[in-house]
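Student: I should like to go through the terms applied to this structure and ask what justifies each of them.

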Amino acid sequence: MSLYCGIACRRKSFWCFRLLSTYVTKTRYLFELKEDDDACKKAQQTGAFYLFHSLAPLLQKSGHQYQAPRHSLLELERLLAKFGQDTQRIEDSVLIGCSEQHEAWFALDLGLNSSSSINASLQKSEMETELKGSFTKLRKALFQLNTKDASLLTTAQALLRWHDAHQFCSRSGQPTKKNMAGSKRVCPSSKIIYYPQMAPVVITLVSDGTRCLLARQSSFPKGMYSALAGFCDIGESMEEAVRREVAEEVGLEVETLRYSASQHWPFPNSSLMIGCHATVKPGQTEIQVNLKELEAAGWFSHDEVTTALRKNNPYTQQQNGTFWLPPKLAIAHQLIKEWVEKPSCSPLPA
Ligand SMILES: NC(=O)c1ccc[n+]([C@@H]2O[C@H](COP(=O)([O-])OP(=O)(O)OC[C@H]3O[C@@H](n4cnc5c(N)ncnc54)[C@H](O)[C@@H]3O)[C@@H](O)[C@H]2O)c1
Ligand SMILES: [Mg+2]
């Protein structure tokens, strides 16, 4: 779908109207909603709401899959009235996207601000009955959601968590106020504007040309190995962070590296995962595991990794005691799959 937009450009004394793509009109619309509180409030009238309770999204299960139901403003108002809650609460919602037809999508947490945890949990189960779903831990549900819902819910949870944790100005100590879309918070006293943040993390699949290096932390589920990951230090470039993390965690020097792709990762707080492939200096492949950071690390052959990717069912592999890899949705999985498909693509010097 494309729309003619009001934007016109003057070229050689003719007015020509440029056809804007659906994507462009959608991003312009979302930008407007973030900047204009009145437009955003209006968008709520025809919008749809994803519901959360204490950062757990409302999901409905059908077979082995989860679905995230959306509710209209009217349905939400009825629900709040039924549970004796003020409709003012809708102003806590955050904008998380919109459809191609410009139906704005919001997320609202009905559990976060409850003053009593006993009341909150009572209300939670009653709401679940009313809504014919369950507020499910995102970590549990993430891998059983379709990619679109998974991406929307991780964005929503990250934004709701950020607002919950940034209620006060770090300079004045006064309460901050969110804008209608939830794209920022402002301190009325110090005038400081706070924007939602993500921490940059590099995640690197190291190869020696024929094998790839996988590692596990003690906090990982039993048997799961992944690529090396680490938070960027302040002042570092992505390249510097990759070199440092690989040296810190396994005692190897990166020779070449290549950026692959990035991903927002909501756990435990919002990270921007920057995915890379790296190679180490030939003949310098002896791993020295930093046991403060990792439980184990090792080189895995192309055959071993290919087999693990093919049979990547955590439940059976955990029981067999064999090693297994992160699920499809994780960028680590994508990096490993790329390496299996093209183990010797040529990266740039680090
Ligand atoms: N999506 C994926 O495929 C995937 C795969 C592996 C890891 N991860 C994620 O990557 C992240 C980083 O990996 P890691 O734990 O090995 O990092 P890491 O190697 O940097 O070690 C974590 C330690 O770094 C310190 N640290 C520095 N800056 C920090 C910050 N901004 N926030 C929290 N801790 C900070 C803390 O002491 C913490 O204990 C984790 O949150 C993990 O969930 C994602
Ligand atoms: Mg690490």
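Tutor: Let us begin with pairing: two strands pair if DSSP finds at least two bridges between them. The model is a predicted one.

Student: What makes β10 and β11 a pair?

Tutor: Strands β10 and β11 (residues 185-186) are joined by two bridges in the antiparallel sense. The threshold is at least two bridges, so a count of two qualifies as pairing. Within this pair, Lys178 stands opposite Arg185 in β11.

Student: Why are β10 and β12 said to stand at the edges?

Tutor: The open sheet has three strands in the order β10-β11-β12, with antiparallel pairing. Both β10 (177-178) and β12 (193-194) have a single partner strand, so one side of each is left without a neighbour in the sheet.

Student: Which strands pair with β13, and how do you know?

Tutor: Strand β13 (residues 199-207) is mostly covered, seven of its nine residues being buried. Nine bridges join β13 to β17 (residues 271-280) in parallel, four join β13 to β15 (residues 228-231) in the antiparallel sense, and two join β13 to β14 (residues 211-216), also antiparallel. The requirement is at least two bridges, so β17, β15 and β14 each count as partners of β13. Val202 has Ile274 as its bridge partner in β17 and Gly230 in β15. With β14, strand β13 forms a hairpin with three residues between them, and Gly209 in the turn has a positive phi of about 105°.

Student: Why is the contact between Asp208 and Arg211 called a salt bridge?

Tutor: Their closest N and O atoms are 2.8 Å apart. The cut-off is within 4 Å, so the contact qualifies as a salt bridge. Asp208 has a relative accessible area of 23% and is therefore partly exposed, while Arg211, at 29%, is also classed as partly exposed.

Student: Is Arg244 buried or exposed, and what about its partner Glu236?

Tutor: Arg244 has 18% relative accessibility; buried means under 20%, so Arg244 counts as buried. Glu236, at 21%, counts as partly exposed. The closest N and O atoms of this salt bridge are 2.5 Å apart, and both residues belong to a network that also links Asp233, Glu245 and Glu248.

Student: How do you know that Glu341 is exposed?

Tutor: Glu341 stands at 56% relative accessibility, and exposed means over 50%, so the term applies. Its salt-bridge partner Lys337, at 34%, is partly exposed. Both lie in helix α10 (residues 331-341), four residues apart, about one turn of the helix.

Key
Residues are numbered from 1 along each chain as its sequence is written. Chains are lettered from A and ligands numbered from 1 in the order in which they are written. This is a predicted model: local features need pLDDT of at least 70, side-chain atom pairs count only at pLDDT 80 or more; totals for chains, interfaces and linings use all residues. Side-chain values use heavy atoms; hydrogens and water are left out. Buried means under 20% relative accessible area, exposed over 50%, partly exposed in between (1.4 Å probe, protein chains only). A salt bridge is a side-chain nitrogen of Lys or Arg within 4 Å of a carboxyl oxygen of Asp or Glu.
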